[in-house]
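Open the model in your viewer and keep the selection panel at hand. The tour goes from cavities to cores.

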Amino acid sequence: MEGTKRCRSDSFHDLHNTDDRKKQLTATQNSDSSKNITQFKDLANELIYEIFEYLDYYYVYKGFFNLNIRLHSLLMQSTLPLKINLFTMSQTTFHRYNQDIILPNTHRIHTLRIPNHFMFDHDTLALSQKIFLQTLVLENIESYYLDDLLDQFTLLLQLSSLTIIAINAIDNKSSIYQKIFRLPSMKYCKVLLGDLYSEDILPYAINDHSPIEHLIIVDRINPQQLNSLLSYVPHLRRLRVDLTQQDGYKAPNIPYYTLKNLTHASLKLHHYITYIELQELLINSFPFVEVLHISAMSEALDANEWKRLISMHLLDLRIFDVFFTLMLSSDAEKIAFDEQVNLFRSSFWIERQWFFDYRLRQTEYSQGRFLYSINRYRRKDYELSYQLNDTICGNETRDVFKSVDHVEIGNEKVIEKFNDYFPNATKLTIKRDFCAAFYRSIPTNLDRILSLQKLQTLIIKRNDLSLLKLIELLTYTPNLHRLTFRTMPLYNESKISIEQNETFQSISKTNCLIYVTYQQSCTLEEVELLVMLFPRLQHLAINTQLDNVEPILQFLLKENNENTRDLALFSLIYANRPWFDHLDRLFMLKTLPQQCKATYMYPHLFVCW
């Protein structure tokens, strides 16, 4: 949505000339003064405010703040709540926006999203002063800020929704959790505190209870950590968590905490989580669950055990959505899997309208098998790869999965066999196993299963896709704002001939891409082509050699370069500490055209200006 919205805002001044966006406003026919409103300046204030609601507020500010006195007054005198999204913008742009809009309207800011917190000065943001803040999203935040920030957040008495995505791993996660649970009005919380596994366990809560009702923990934690954590959230209604266990870990005896209000649980099970542990958790902590999502390895695949557990202990369960993964190497294991498939076809499952499907993945040494719920209309992600089997208890009709947002496709053969449709998919991943000929038939192959026009994120994992083929692909995806790709061989095409290519020139004028990641080692010439092809870029991430960093930065920071006017963040996806030291010396010597700030978070190196 973000990419589409920004493209729409850039052409906002042409709104009255666009047939599919205008509304013809006509006064009473009998009135002599009746006329059609065809100009934006003639709209009522209420309608203008309503239009602003559909736009990112920065683009409202950019388009109208200095346009005329009336619109300037409408922006500054409004009492309506503000949603501020500090997307990837330069320091100069931020300071101007901060002075003109954020600081004078602190009392109006109800929602604040900071996708790259490390880009902004900690004191300038002054989060603790935004006392009317209700929703706060902090992404890519450096861990050493969190302790202090969470202490300040206790002053934000209306803060009810908090998302924290740390850019680096945090050692003492328990301290962070405790401070979050002390926030007085919190209802929704999502946290990712880095992938550093820790066995640190919160003390079991006695009186420190949080009002949180919806909790998402992206970090992997063990069942004992979860047990103690749940004691802090007695009002919890929805939970999503990844569970893991270290081999040989001797778990302390921590009592289970029964969540009487929990109705939705989503559990992803990783290493060494046994079915017994899962069963005890469900019986003791989630006995009233109504919607259960489980993603697990082979040990949890036992139809009879699930039948017993559900019929005896999970009496309120109405949605059972599972995805079981098994890697089989012997004939006995394959036979056992087939027996489980048959057991999941019994009347117990059919009566509850719970049906299952399975597919195969063949490797050189083993065979992967997946058993999962056929009610995939609830899923956000859908993978098409390898061999699809006939649906168990299914049919051959064309199903429409409206909930699916991300589609992953393994190869072109699976598309030929696939009969379903994803009308709302906005993210597409194309894996490595596609043949080169596939890209010549994208409209007929992919448009059959999803709308290319709606795609906003595209990830291409194939290694030999040429730049010209990539450009052809972009002609079918006009609303993309995120692109990740591995290679772009020129195949004897010169830089000048590519720049003069009509499709290249057309795409450069119309595409909406603002985030591009190029994973192969990149040269200055390729960077020049990329910024020419994507002149609205805000963040460019590449892999390159250390010797290329200075000339690439010299080019990107060059003044009066229209193709880099929106670019504010450059990152190296594979770097080490000496690279950061090298950049630091460049900044000290002032050899670059602009003042920059570098942040190193292994293995990434970020440069903003």
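Helices and strands here are DSSP runs, numbered from the N terminus, with at least four residues for a helix and at least two for a strand. The model is a predicted one.

Begin with the empty spaces. The count is 2 cavities of 30 Å³ or more. For the largest, with a volume of about 140 Å³, select K173, Y177, D200, I221 and Q225: of the 14 lining residues, these are the closest to the cavity's centre. Next, colour α8 (173–181), β6 (214–221) and α9 (223–230), each of which supplies at least two residues of this lining. By class, the lining of the largest cavity holds 6 nonpolar, 4 polar and 4 charged residues.

Move on to the second largest cavity, of about 30 Å³. Select L86, F94, N98, I102, L112, L125 and K130, which line it. Helix α5 (residues 91–102) gives the most to this lining, with 3 residues. The lining of the second largest cavity is made up of 5 nonpolar, 1 polar and 1 charged residues.

Keep L86 selected and add F153, F286, W306 and F324: within the largest nonpolar core, which has 119 residues, these five touch the most other members. Helix α3 (residues 57–64) provides the largest share of this core, 6 residues.

Now centre on F286. What is F286 in contact with, leaving aside neighbours within four places in sequence? Select L230, L239, L259, L262, A265, L267, L281 and L314 to see these contacts.

Last, select L450, L452, F580 and L583. They are among the 70 residues of another core, which lies apart from the largest one.

Methods:
Residues numbered from 1 in each chain as written. Predicted model: local features only at pLDDT ≥ 70, side-chain atom pairs only at ≥ 80, totals over all residues. Heavy atoms only, no water. Core = buried A, V, L, I, M, F, W, Y, C linked by side-chain atoms within 4.5 Å. Buried < 20%, exposed > 50% of the residue type's maximum accessible area, 1.4 Å probe, protein only. Contact = heavy atoms within 4.5 Å. 1 Å grid on protein atoms, 1.4 Å probe; cavity = no way out; pocket = protein on both sides within 12 Å on 5 of 7 lines; lining within 4 Å. Points joined across faces, edges and corners; volume = space filled by probe spheres on them. Nonpolar A, V, L, I, M, F, W, Y, C, P; charged D, E, K, R; others polar.
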